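The exercises below ask you to read local backbone geometry, strand pairing, domain layout and a ligand shell from a single model. Each task is followed by a solution that goes step by step.

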Amino acid sequence: MKTIVAYKSKSGYTKTYAKWIAKELGCDIKENAELSDILGYDTVIYGGGMYAGGFNGAKLITKNLDKLSGKKIVLFAVGSNPGREHEMQPFWDRVLNPEQQKQIGHFYLRGGFDFSKLTAPDKVLMKMLKVRLQKKKDRTEDEQGMLDAYDTPVDFRKKENIRPLIDFVLK
Ligand SMILES: Cc1cc2nc3c(=O)[nH]c(=O)nc-3n(C[C@H](O)[C@H](O)[C@H](O)COP(=O)(O)O)c2cc1C
C-alpha cells in the first residue's frame, strides 16, 4: 500500500506532525502538494492549519474527491484551540458532509501559536484580534490564553497525539 502525507504549514506546527506521521508509517511526505503528486497513492493523508475557522489547503482533497475515489483518505487539522468536540464538530461539518465524515478519517492535532513566526498579513489580522480581546471585559479562559500567547509562544505538539490517526490508517 503506497501512502503519502501531504501538508501545508505556515509556522511549522503541521509540518512537525506531518513528519512524525510519515516517519511512523515509513511513507512519503510532500509539502504544498498538487493533485498530480497524490494521485499515485492508495492512502492519502492531508494536514493543514486552522485559520479563522478554515482548513489551510484542504481543498486539494475536498474539491477532488471524485478523482481520489477508491483511495483511503485521512485529514488532520492543526490549530491552537483545545480541540473540544462541540467546537471541532462545526469545523468538520464545514469541511465534509455527514456521509464523507463516515468514510474519511478526520483528526484534530493540537499545534500552538507563535506570533513571531506569522506572515505579515497574518500579523495584521492577529493584531486586530488582540485589540478586540483586550477590550473585552469578561474574557473566557481560552480568550485569556490566546491573549497571553501573543507574548509567550505556546506549543502543544506531542508525538502521542498522532496515535489515533496512525491506528486508523493501519486498520
Ligand atoms: C490569522 C490566524 C487565524 C487562526 N485561526 C485559528 C482558528 O480558527 N482556530 C484555531 O484553533 N487556531 C487558529 N489559529 C492558530 C493556528 O491554527 C495555529 O498556530 C497552528 O498551529 C498553525 O499551524 P501551521 O503553523 O502548521 O500553519 C490561527 C492563527 C492565525 C495566525
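**Exercise 1.** Is Ala52 buried or exposed, and how many other C-beta atoms lie within 10 Å?

*Solution.* Note at the outset that this is a predicted model. The first step is the neighbour count: Ala52 has 7 other C-beta atoms within 10 Å. The second step is the cut-off, by which a residue is exposed if 12 or fewer other C-beta atoms lie within 10 Å of its own; Ala52 is therefore exposed. The third step is to place the residue, and Ala52 turns out to sit in the loop between β3 (43-51) and β4 (54-55). Its backbone deserves attention as well, since Ala52 has a positive phi of about 50 degrees although it is not a glycine.

**Exercise 2.** Find the residue in the loop between β2 (28-31) and α2 (35-38) that has a positive phi although it is not a glycine, and classify its exposure.

*Solution.* The loop between β2 (28-31) and α2 (35-38) contains Asn32, and the phi of this non-glycine residue is positive, at about 50 degrees. For the exposure, count the C-beta neighbours of Asn32 inside 10 Å: there are 11, so Asn32 counts as exposed.

**Exercise 3.** Which strands pair with β3, in which sense, and over how many bridges?

*Solution.* Begin with strand β1 (residues 3-7), which pairs with β3 in the parallel sense over five bridges; within this pairing, Ile4 has Val44 of β3 as its bridge partner. Next take strand β5 (residues 72-79), whose pairing with β3 is also parallel and extends over seven bridges, with Gly49 standing opposite Val78 in β5. Finally, β4 runs antiparallel to β3 and is joined to it by two bridges, and here Met50 has Phe55 in β4 as its bridge partner. The strands β3 and β4 form a hairpin with two residues between them, and the turn holds Ala52 with its positive phi of about 50 degrees.

**Exercise 4.** How is the protein chain divided into domains, and how many residues of each domain are in contact with the other?

*Solution.* The domain assignment gives domain 1 (3-113 + 156-170) and domain 2 (115-152). Taken over C-alpha atoms, the centres of domain 1 and domain 2 are separated by 25 Å, while the contact involves five residues of domain 1 and five residues of domain 2. The side of domain 1 that touches domain 2 consists of two nonpolar residues, two polar residues and one charged residue. As a further step, consider Asp151, which occupies the loop between α7 (141-149) and β8 (154-155). Asp151 is exposed, because 7 other C-beta atoms lie within 10 Å. The C-alpha atoms of Asp151 and Asp114 are 8.7 Å apart, although 37 residues separate the two along the chain.

**Exercise 5.** Which residues come nearest to the ligand, and which elements each supply at least two residues of its shell?

*Solution.* Of the 24 residues around the ligand, those that come nearest are Tyr13, Thr14, Gly49, Gly79 and Gly111. At least two residues of the shell come from each of α1 (13-25), β3, β5, β7 (112-113) and α6 (120-135). Sorted by class, the shell has nine nonpolar, twelve polar and three charged residues. At the level of domains, domain 1 and domain 2 each contribute at least three residues to the shell around the ligand.

Key
Residues numbered from 1 in each chain as written. Predicted model: local features only at pLDDT ≥ 70, side-chain atom pairs only at ≥ 80, totals over all residues. Helix = DSSP H or I, 4+ residues; strand = E, 2+ residues; numbered from the N terminus. Buried ≥ 20, exposed ≤ 12 C-beta atoms within 10 Å, placed from the backbone. Pairing = 2+ DSSP bridges. Domains from an automatic or database assignment. Contact = placed C-beta atoms within 7 Å. Nonpolar A, V, L, I, M, F, W, Y, C, P; charged D, E, K, R; others polar. Near = placed C-beta within 6 Å.
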